[in-house]
Amino acid sequence: MMAFLDFHPMEFVKNLRYMGIGMLGIFIVIGVIAGLTLLLNFLTGGKEHE
């Protein structure tokens, strides 16, 4: 009746690899966006007057 609630802890351990790869991908994309933002700011920023 409630077979969909079976608990398999090893399945979680097996999926840690895929979760880690996904997190790494997210950090890489955030790094690329931050790098592009800094690059565009450097290229298009005008000189500041004192």
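## Nonpolar surface patch

Patches consist of residues with over 30% relative accessible area and no salt bridge, like charges being joined within 9 Å and nonpolar side chains (Val, Leu, Ile, Met, Phe, Trp, Tyr) within 5 Å. In this predicted model, where local features need pLDDT of at least 70, side-chain atom pairs count only at pLDDT 80 or more, whereas totals for chains, interfaces and linings use all residues. Residues are numbered from 1 along each chain as its sequence is written, and side-chain values use heavy atoms, with hydrogens and water left out.

A nonpolar patch of about 740 Å² is formed on the surface by L24, I28, V32, L36, L39, F42 and L43. Among these residues, V32 lies in helix α1, residues 9–44, and is partly exposed at a relative accessible area of 45% (buried means under 20%, exposed over 50%, and partly exposed in between, with a 1.4 Å probe and protein chains only).

## Helix and overall surface

The protein has one helix and zero strands, both being DSSP runs numbered from the N terminus (helices are H or I of at least four residues, strands E of at least two). Helix α1 has 36 residues and spans 52 Å from its first C-alpha to its last, close to the 52 Å expected at 1.5 Å a residue. A kink of about 35 degrees in α1 is centred on L16, the bend being the angle between axes fitted to the seven residues ending there and the seven starting there.

Of the 50 residues in the protein, 0% are buried.

## Salt bridge

The structure holds one salt bridge (a side-chain nitrogen of Lys or Arg within 4 Å of a carboxyl oxygen of Asp or Glu), in which the side chains of E11 and K14 meet at 3.7 Å, N to O. Because E11 and K14 are three residues apart in helix α1, about one helical turn separates them; E11 is partly exposed at 40% relative accessible area, while K14 is exposed at 51%.

Conventions: Areas by Shrake-Rupley, 256 points an atom, 1.4 Å probe, with all protein chains shown as cover. Expected span 1.5 Å × (residues − 1).
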